[in-house]
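Hi,

Here is the structure I promised to pass on. Please open it next to this email and follow along.

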Amino acid sequence: MVDFMLTEEQQRLRELVCKFAQREIAPVAAELDREQRFSQEIVDKYYEIGLLHSAVPEEYGGAGLSSLEGCLVAEELAAACGGVASYLGANNLGLMPLLIGGSLELKQELLAKHCAGPNLAAFCLTEAEAGSDVASMRSTAKRVEDEFIINGTKQFITNGGVAGLYSVFASEQPELRHKGISGFMVPANTPGVSHGKKEDKMGQRAADTREVIFRDVHVPAHFRLGTGLDGFKIAMMTLDESRAGVGAAAVGIARAALEAAVAYAKERKQFGKPIAQLQAIQFMLAEMAMKVDAARLLVWRAAYLHDQGSRNTKESAIAKCFAGDTAMQVSTDAVQIFGGYGYMKDYPVEKYMRDAKLHQIYEGTNQVQRLVIANELLR
Ligand SMILES: Cc1cc2nc3c(=O)[nH]c(=O)nc-3n(C[C@H](O)[C@H](O)[C@H](O)COP(=O)(O)OP(=O)(O)OC[C@H]3O[C@@H](n4cnc5c(N)ncnc54)[C@H](O)[C@@H]3O)c2cc1C
């Protein structure tokens, strides 16, 4: 039998994060967006409630949340601010390759230190010429005795300028394309690591997004993940895991947009009555609610499968894609319901729309998700 009920513990977790997000994030969301400002203060406070390193098992100092619990958290954070949710979530994304491919020794060495404070990680896969086409990456890693020397420039990296630890993908054998890529962990204070200017973004502006540059960066050989040349697989496994959470954040934005639209429709009067009494508006709200609920269920299914140890490549792509498209549609409809006021920065819905757009682009564009789904169907 399918059970949609959350346990009491999960409900308490959701309430805790909801309260935190509404108290610490929502009141400053518009300001962080306007000023394009990253807030370390929020990271510190989130660390204090024990959730910053949520996906890291307790034995390494994390909160040890399941994928489903991570989705509950992501929805609440994103309902308060898509940008903040993105940079808090990107910490887990940056650590995931280490959790998947790191040796016990490397996990103990790096995670204990990272999780002992309000530190952020970042996931460095994308390059200027290698976005959807990851195998075209130009970053290289060369083994010299007991070290690897990494060279390359990663593009659009969330937490690029504020992370203390990077997971980095570079090719040991470029001619092998995706089969030549390896994953590495690189502490940000390693000589040769630097970052470019902060990107000036349409949405999710609280997140620090930058180029991260690696110039003759030496890391010990045991900082390589997996067995080597399996970096593409580790990156794809990371994304299979993270896509449910990204979908959950999209649900959070969509839910916030729906709630704002419902409240406004009840309050705004035209032709002598609240616009909520107009069937045209009611139908839009009903469509929005259907999409939010469907997106959440798809997200929960993808997370549930992961927690059961099942492969969820298709389901996580479906969840990420549907939830991202939902966030875009629902936030656009919310702007429509607000009319001219929706277009103004005095109201939150235009921010939801800008924040939502990124959900159709990062962690694999929604076109790429459709390719993944089709490939899985046609295997
Ligand atoms: C704000 C932001 C934060 C990000 N954070 C990170 C991060 O933390 N770490 C990281 O590694 N990356 C990050 N990214 C990168 C992101 O994952 C890429 O932007 C994304 O994968 C798309 O790559 P691209 O931008 O090069 O677009 P391209 O790959 O050039 O795509 C351009 C267009 O072509 C379409 N397209 C490409 N290939 C195909 C195909 N085979 N079939 C159909 N359509 C196709 C795409 O869907 C898109 O519409 C971030 C991006 C942004 C904007």
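Below is what I found, taken part by part. Keep in mind that this is a predicted model.

**The ligand**

Start with the ligand. Its shell has 17 residues. Phe123, Thr126, Ser132, Thr365 and Gln367 come nearest. Which strand gives the most to this shell? Strand S3 does, with three residues. Helix H10 (366-378) also takes part: S3 and H10 each supply at least two residues.

Now look at the polar contacts. Phenylalanine 156 uses its backbone: an N or O atom there lies 2.8 Å from a nitrogen atom of the ligand. Threonine 158 uses its side chain, where a polar atom lies 2.8 Å from a nitrogen atom of the ligand. Threonine 365 meets an oxygen atom of the ligand instead. The distance from that oxygen to an N or O atom of the threonine 365 side chain is 2.6 Å. On its own, the ligand has 970 Å² of accessible area, and the protein covers 65% of it.

**Lysine 154**

Stay with strand S3, which runs over residues 147-158. Lysine 154 sits in this strand. Is lysine 154 buried or exposed? Lysine 154 is buried, because its relative accessibility is 0% and buried means under 20%. What does its side chain meet? A polar atom of the lysine 154 side chain lies 3.0 Å from the backbone oxygen of leucine 125. Leucine 125 is also one of the residues in contact with lysine 154, setting aside neighbours within four places in sequence. Others in that list include Cys124, Glu127, Met137, Phe169, Arg210 and Glu211.

**Helix H6**

Next, find helix H6, residues 231-267. How far apart should its ends be? Each residue adds 1.5 Å, so the 37 residues of H6 should span 54 Å. The C-alpha atoms at the two ends are 53 Å apart, which agrees. H6 does have a kink, though. The kink is about 35° and is centred on serine 242. H6 is also mostly covered, with 27 of its 37 residues buried.

**Alanine 294**

Last stop: helix H7, residues 279-307. Alanine 294 belongs to this helix. Alanine 294 counts as partly exposed because its relative accessibility is 29%, and that class lies between 20% and 50%. Now compare its position with isoleucine 149. The two residues are 145 places apart along the chain. Their C-alpha atoms are separated by 46 Å.

Best wishes

Technical notes: Residues numbered from 1 in each chain as written. Predicted model: local features only at pLDDT ≥ 70, side-chain atom pairs only at ≥ 80, totals over all residues. Heavy atoms only, no water. Helix = DSSP H or I, 4+ residues; strand = E, 2+ residues; numbered from the N terminus. Expected span 1.5 Å × (residues − 1). Bend = angle between axes of the 7 residues up to and from the residue. Buried < 20%, exposed > 50% of the residue type's maximum accessible area, 1.4 Å probe, protein only. Polar contact = N/O pair within 3.5 Å; in protein donor to acceptor, adjacent residues only side chain to side chain. Contact = heavy atoms within 4.5 Å. Near = heavy atom within 4 Å. Areas by Shrake-Rupley, 256 points an atom, 1.4 Å probe, with all protein chains shown as cover.
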